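Student: Hi! Could we go through this one together? I'd like to start with the cysteines.
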Amino acid sequence: MEILYEDNHIIAVNKLAGEIVQGDKTGDETLIDKVKRYLKDKHQKPGNVFLGVVHRIDRPARGLVMLAKTGKALARLNEMLRQNQIKKTYWAVVTSRPPAESGELRHYLVRDTEKNKTFAHNKKVAGSQLAVLSYKIIAQNQNRWLLEIDLITGRHHQIRAQLSQIGCPIVGDVKYGYALPNPDAGICLHSRQMEFVHPVSKQPVKITAPLPPKSSWPDFISCYNQNTNK
């Protein structure tokens, strides 16, 4: 388990594709279980360990997940999320070029709980919620594009559904229109970075999750670095 950031109130880890943040009907071990075990061993706590979920990312996605080690931090971070005071940045790989180099996507999402899938509509429909994100192309490698996404709202499967709606499904995401699964059963969606003011110390915090070294991502990293250094 890769720890990206830790203090007395917050811990952030780099989740692997396929790991589940919280328990579901599968009964698989969760990321919460692993972090609690780590904290219990590290601090030699005899009783239960408090750990609050600040946000979740989808099971096939990877990257930064932030958790709260105290009730005070959890309550304040949850309020900061509601007030859009935490900037969440994602990276996604797609095989269709978006309609513009950068832009904002606004859709109305409807969640189907039976199918565990979200459907994006261009206009408001019954039971829908507004979803907003902004994106920009930051690298290209042959017929694949690396997008940097700033998530404005936090809806179920939002990035996956919105990119699929504009004809740019994420590589490996067969649920949302991509042709083939990735070998690791994950998708090329990465929770890259979070920026916020610490809820207790009031100091600025920026946490970045590196991409795994053995995957389809390194080629994009080299392209991204070349573009950045120009």
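Student: Is C188 buried or exposed?
Tutor: C188 is buried, with a relative accessible area of 1%. Keep in mind that this is a predicted model.
Student: And C168, buried or exposed?
Tutor: C168 is buried, and its relative accessible area is 1%.
Student: How many disulfides does the structure hold?
Tutor: Zero disulfides.
Student: Why is there no bond for C168?
Tutor: The closest cysteine sulfur to that of C168 is the one in C188, and it is 14 Å away, so the two are too far apart for a bond. A disulfide needs the sulfur atoms within 2.5 Å.
Student: OK, new topic: rings. How many aromatic pairs are there?
Tutor: The structure holds zero aromatic pairs.
Student: What sits over the ring of Y176, then?
Tutor: That's the charged end of K117, 5.5 Å from the ring centre.
Student: And what lies over the face of W91?
Tutor: R192 does, at 4.2 Å from the ring centre.
Student: Let's move to F50. Where does F50 lie?
Tutor: You'll find F50 in the loop between α1 (31-43) and β3 (52-53).
Student: How does F50 count in terms of accessibility?
Tutor: F50 counts as partly exposed because its relative accessibility is 41%, and the range for that label runs from 20% to 50%.
Student: Which residues is F50 in contact with, leaving aside neighbours within four places in sequence?
Tutor: F50 is in contact with A68, K69, T70, G71 and L74.
Student: What separates F50 and K36?
Tutor: Their C-alpha atoms are 7.7 Å apart, with the two residues 14 residues apart along the chain.

How values were computed
Residues numbered from 1 in each chain as written. Predicted model: local features only at pLDDT ≥ 70, side-chain atom pairs only at ≥ 80, totals over all residues. Heavy atoms only, no water. Helix = DSSP H or I, 4+ residues; strand = E, 2+ residues; numbered from the N terminus. Buried < 20%, exposed > 50% of the residue type's maximum accessible area, 1.4 Å probe, protein only. Contact = heavy atoms within 4.5 Å. Phe/Tyr/Trp six-rings, centres within 6.5 Å; stacked < 30°, edge-to-face > 60°. Lys NZ or Arg CZ within 6 Å of the ring centre and 35° of its normal.
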